[in-house]
Amino acid sequence: MKLKEIFKNVYRINGKLATKNLVPGKKVYDEKIIRIGREEYRIWDLFRSKLAGAIAKGLKQLPITPGSIVLYLGASTGTTISHVSDIVGLDGLIIAVEVAPSCMPPLIHLAEDRGNIAPIIEDANHPERYDIPKVDVVYQDISQRNQVNILLKNIKRHLKPHGYYMFCVKSQSIDVTRKPRDVYKEVLKQLSKDTRIIQTLELDPYDKHHMFILGQV
Ligand SMILES: C[S@@+](CC[C@H](N)C(=O)[O-])C[C@H]1O[C@@H](n2cnc3c(N)ncnc32)[C@H](O)[C@@H]1O
């Protein structure tokens, strides 16, 4: 079994991406489990998580590390969050904001199992409604027309000085009539006014019409 740690708590095992399971014996979304010695690793599905897709496409820096506090916008049922939870460990915290009530039962269940996730049912358009500590990273995966605006509002209110953001842009939600690359160009122009873009990655074939942006304030 060939195991290599590519970022803190993120591994490549026989060519597949994986995180070390914080809760051995428990799966989250029917992912494959690999045991090596006493440790258990969860294979991270590149087609079900944009963060996994971004790492596979060559993300150079992962600001989510053990102990990080992450504000995660667009939590859904917690597929990606479960891996972020493995990475930040019990010294870290993921504040998971999700607007859809139907996502809450599985997300709450995940939070109970893991001990480092705080689910909040709220609209990320209103960051003033969640009173939280300043965070190291804002992660956003929300398919809304005003997704850039949502990100900037949350950064302004909740991100620490010099903190990082990770942004999954869905061009089709912003403007389905325009070419994705034209939409990305405009998004990057908007973000460049107030932040520093570190890296951009187009996520196809894992997620079509998506760009992943890593930036810092
Ligand atoms: C593409 S899914 C997120 C998938 C998730 N990030 C993952 O990788 O496991 C987008 C989620 O954003 C949520 N969402 C959409 N608009 C929102 C808003 N204004 N505030 C909070 N969540 C929102 C949707 O309900 C949906 O669950």
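User: Into which domains is the chain divided?

Analyst: This is a predicted model, in which local features need pLDDT of at least 70 and side-chain atom pairs count only at pLDDT 80 or more, while totals for chains, interfaces and linings use all residues. Residues are numbered from 1 along each chain as its sequence is written, and side-chain values use heavy atoms, with hydrogens and water left out. Domain bounds come from an automatic or database domain assignment. The chain is divided into domain 1 (4–43) and domain 2 (47–216).

User: How many residues does the contact take from domain 1 and from domain 2?

Analyst: The C-alpha centres of domain 1 and domain 2 lie 22 Å apart. Contact means heavy atoms within 4.5 Å. On that basis, the numbers taken from domain 1 and domain 2 are 16 residues and 21 residues.

User: Which strands stand at the edges of the open sheet of five strands?

Analyst: Strands (E, at least two residues) and helices (H or I, at least four) are DSSP runs, numbered from the N terminus, and two strands pair if DSSP finds at least two bridges between them. In this open sheet of five strands, the pairing is antiparallel and the order is β1-β2-β3-β5-β4. An edge strand here has a single partner strand, so one side of it is left without a neighbour in the sheet. The strands in that position are β1 (3–7) and β4 (33–36).

User: Which residue takes a positive phi in the hairpin of β1 and β2?

Analyst: Strand β1 pairs with strand β2 (residues 10–13) in the antiparallel sense over four bridges. Leu3 stands opposite Ile13, and Phe7 has Val10 as its bridge partner. Two residues lie between the strands of this hairpin, and the positive phi, near 65 degrees, belongs to Asn9.

User: What is the order of the strands in the open sheet of seven strands?

Analyst: The pairing in this sheet is mixed. Its edge strands, β8 (117–121) and β11 (196–202), each pair on one side only. The order is β8-β7-β6-β9-β10-β12-β11.

User: What is the average twist from one strand to the next in the sheet of seven strands?

Analyst: Within this sheet, strand β9 (residues 135–140) and β10 run parallel and are joined by five bridges. Val135 in this pair stands opposite Leu159 in β10. The twist from one strand to the next in the sheet of seven strands averages 15 degrees.

User: Is helix α2 roughly parallel or roughly antiparallel to helix α3?

Analyst: Axes are lines fitted to C-alpha atoms, for helices over the stretch in contact, and angles run from 0 to 180 degrees between N-to-C directions. The axes of α2 (residues 79–88) and α3 (residues 104–114) come within 11 Å and cross at roughly 15 degrees. Angles under 35 degrees count as roughly parallel, over 145 as roughly antiparallel, 65 to 115 as roughly perpendicular and the rest as oblique. The crossing angle therefore makes α2, relative to α3, roughly parallel.

User: How do the residues of the contact of α2 with α3 divide into nonpolar, polar and charged?

Analyst: Ile81, Ser82, Ser85 and Asp86 in α2 meet Leu107, Leu110 and Arg114 in α3. Ala, Val, Leu, Ile, Met, Phe, Trp, Tyr, Cys and Pro count as nonpolar, Asp, Glu, Lys and Arg as charged, and the others, Gly among them, as polar. The residues of this contact divide into three nonpolar, two polar and two charged.

User: Is the crossing of α4 and α6 left-handed or right-handed?

Analyst: The axes of helix α4 (residues 147–158) and helix α6 (residues 180–194) come within 11 Å and cross at roughly 20 degrees, which means that α4 is roughly parallel to α6. A crossing is left-handed if the near helix is turned anticlockwise from the far one by less than a right angle, and right-handed if clockwise. The crossing of α4 and α6 is right-handed.

User: How many nonpolar, polar and charged residues are in the contact of α4 with α6?

Analyst: From α4, Val148, Leu151 and Leu152 meet Val187, Gln190 and Leu191 in α6. These residues divide into five nonpolar, one polar and no charged.

User: Which strands does α4 lie across?

Analyst: Helix α4 runs at about 165 degrees to β10. The strands that α4 lies across are β6 (69–73), β9 and β10.

User: How far apart in space are Tyr164 and Val10?

Analyst: Tyr164 lies in strand β10 (residues 159–170). Not counting residues up to four places away in sequence, Tyr164 touches several residues, including Gln61, Asp136 and Ile198. Tyr164 and Val10 are 154 residues apart in sequence, and their C-alpha to C-alpha distance in space is 18 Å.
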